[in-house]
Amino acid sequence: MKKILTLMILTLYIIAAAFAQNVKSYTVDLSKFSATNGDKTAAFDKKTGTISLTGENAGIGLGLGKLDISNYNIARIKYKAIDGYGFFLGLNYDDNTLNWGDIATYCPSYLNEMVIPLRPEQKTINGLYFTSAWNVPSEKFVVEEITLEKVSNPEKTDLYASKEPPVLDKATSGKINEKISAWDYVKKLGVGFQYYIFSIIFSVLYFQ
């Protein structure tokens, strides 16, 4: 009887160990976000999952304590940008030599889900953080879920992929309303390609 019981326990242990090794997803516990950051420029509403950022350098983070990510190859975030600006999601790897472009991904307002491949040479992650989009005085967005997953094709979400044909403005004349601010003018432009020259003009007008 003891031999049978021992065999059963050993079998259950092997099954549990095999299951643990094949876990293909990890859900981040968003309730562990602090209510505010240190300088009170960011806040997290645990009830609704809403993050509010005030100021261009505002941000709020969540520590994950050197979480082992060797079994995962993507981070998936489901969200809703309330104000229509979008935001940055940064992944805080152990390697402090990585630059901003290696660890931060822009999550635009016209999408509600982003897939971000994890860096394969990184085996642990310290945490994640959110920061505001460029030149945005304040913004709000809802974070519904963040998961780390193992998928067969870990491709990053293409921000520029669209099945719609381009719209060309063939107007030969037009009027500019000089009474509105540069910020309101840019918001009326709608979705389109961000030409660098227009970014410079907007920056000059906005910061006057």
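This report walks through a sheet, a surface patch and one threonine in a predicted model.

## The open sheet

Let's start with the strands. Four of them, in the order 4-9-6-7, come together as an open sheet, and their pairing is antiparallel. Who sits at the edges? Strand 4 (59–68) and strand 7 (104–107) do; each has a single partner strand, so one side of each is left with no neighbour in the sheet. On average, neighbouring strands here are turned by 20° against each other, if you ignore direction.

Now zoom in on one pair. Strand 6 (residues 87–93) and strand 9 (residues 124–132) run antiparallel and are joined by 7 bridges. You can pick out one partnership by eye: look for Asn92, whose bridge partner in strand 9 is Gly127.

## A nonpolar patch on the surface

Next, head to the surface and find Ile176, Tyr185 and Val186. Together they make a nonpolar patch of about 290 Å².

Val186 belongs to helix 3, which covers residues 182–187. Is Val186 buried or exposed? Neither label quite fits: its relative accessibility is 31%, and because partly exposed covers the range between under 20% (buried) and over 50% (exposed), Val186 counts as partly exposed.

## A threonine under cover

Finally, take a look at Thr50, which is found in strand 3 (residues 50–54). Its relative accessibility is 12%, so Thr50 counts as buried, the cut-off being under 20%.

What does the side chain of Thr50 touch? It makes a polar contact with the side chain of Thr48, at 2.8 Å.

How values were computed. Residues numbered from 1 in each chain as written. Predicted model: local features only at pLDDT ≥ 70, side-chain atom pairs only at ≥ 80, totals over all residues. Heavy atoms only, no water. Pairing = 2+ DSSP bridges. Helix = DSSP H or I, 4+ residues; strand = E, 2+ residues; numbered from the N terminus. Axes fitted to C-alpha atoms, helices over the stretch in contact; angles between N-to-C directions. Patch = residues over 30% accessible without salt bridge, like charges linked within 9 Å, V, L, I, M, F, W, Y side chains within 5 Å. Areas by Shrake-Rupley, 256 points an atom, 1.4 Å probe, with all protein chains shown as cover. Salt bridge = Lys/Arg side-chain N within 4 Å of Asp/Glu carboxyl O. Buried < 20%, exposed > 50% of the residue type's maximum accessible area, 1.4 Å probe, protein only. Polar contact = N/O pair within 3.5 Å; in protein donor to acceptor, adjacent residues only side chain to side chain.
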